[in-house]
Amino acid sequence: MIGYPADMVEIPEKDNISATYVAGQLKAAPHAQAAQDFMDFLVSPVAKSIYRKYGFITK
């Protein structure tokens, strides 16, 4: 971001949308353990705190 300043753009609530993001692991993942580790991370308390930090809603 050095040299490329960014501004926060507020979206009015009436114009904002809600989206659901999904992730899955391939049956034949070339690095099955790494894929499983990443999937486990995505649902971890640490990952959820990161999501919330950036405005996402978690379950």
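I57 lies in the segment after α2. The residue is exposed, with a relative accessible area of 84%. Its C-alpha atom is separated from that of S18 by 9.6 Å, although I57 and S18 stand 39 residues apart along the chain. The model discussed here is predicted.

**Overall form**

The chain has 2 helices and 0 strands. Helix α1 covers residues 32-42 and helix α2 covers residues 45-53. The radius of gyration is 16 Å. A compact globule of 59 residues would come out near 10 Å. Along its principal axes, the C-alpha trace spans about 40 × 35 × 20 Å. Just 7% of the 59 residues count as buried. The chain exposes about 6,000 Å². Carbon and sulfur atoms supply 63% of that area.

A6 gives a second C-alpha separation. This residue is found in the segment before α1. Its C-alpha atom and that of Q36 are separated by 35 Å, with the two positions 30 residues apart in chain numbering. A6 counts as exposed, at 57% relative accessibility.

**Aromatic contacts**

How many aromatic pairs does the structure hold? There are 2. In one of them, Y21 meets F56 edge-to-face. The ring centres are 5.9 Å apart, and the planes form an angle of 70°. The geometry counts as edge-to-face because planes over 60 degrees apart fall in that class. This pair links distant parts of the chain. Y21 belongs to the segment before α1, F56 to the segment after α2. The two residues are 35 residues apart.

Y51 joins them: Y21, Y51 and F56 form one aromatic cluster. Is Y21 buried or exposed? Y21 counts as exposed, at 65% relative accessibility. F56 counts as partly exposed, at 43%.

**Nonpolar surface**

Y21 and F56 also take part in a nonpolar surface patch. The other members are F38, F41, V46, I50 and Y54. The patch measures about 790 Å². Which helices each supply at least two residues of the patch? Both α1 and α2 do. Y54 is found in the segment after α2. That residue counts as exposed, at 57% relative accessibility.

**Salt bridge**

The count comes to 1 salt bridge. The side chains of K14 and D15 form it, with 3.3 Å from N to O. The contact qualifies because the cut-off is 4 Å. K14 is exposed, with a relative accessible area of 72%. D15 is partly exposed, at 45%.

**Accessibility of the named residues**

The table collects relative accessible areas for residues discussed above.

| Residue | Relative accessible area | Class |
|---|---|---|
| A6 | 57% | exposed |
| K14 | 72% | exposed |
| D15 | 45% | partly exposed |
| Y21 | 65% | exposed |
| Y54 | 57% | exposed |
| F56 | 43% | partly exposed |
| I57 | 84% | exposed |

Why does D15 count as partly exposed? Its relative accessible area is 45%, and the partly exposed class lies between under 20% for buried and over 50% for exposed, so D15 falls in it.

**Reading the picture**

The segments flanking the helices come together in the Y21 and F56 pair. The C-alpha separation of 9.6 Å between I57 and S18 concerns positions 39 residues apart. The A6 and Q36 separation is 35 Å for positions 30 residues apart. Alongside these separations stand the radius of gyration of 16 Å and the 7% of residues that count as buried.

How values were computed:
Residues numbered from 1 in each chain as written. Predicted model: local features only at pLDDT ≥ 70, side-chain atom pairs only at ≥ 80, totals over all residues. Heavy atoms only, no water. Buried < 20%, exposed > 50% of the residue type's maximum accessible area, 1.4 Å probe, protein only. Phe/Tyr/Trp six-rings, centres within 6.5 Å; stacked < 30°, edge-to-face > 60°. Helix = DSSP H or I, 4+ residues; strand = E, 2+ residues; numbered from the N terminus. Patch = residues over 30% accessible without salt bridge, like charges linked within 9 Å, V, L, I, M, F, W, Y side chains within 5 Å. Areas by Shrake-Rupley, 256 points an atom, 1.4 Å probe, with all protein chains shown as cover. Rg over C-alpha atoms; globule rule 2.2 N^0.38 Å.
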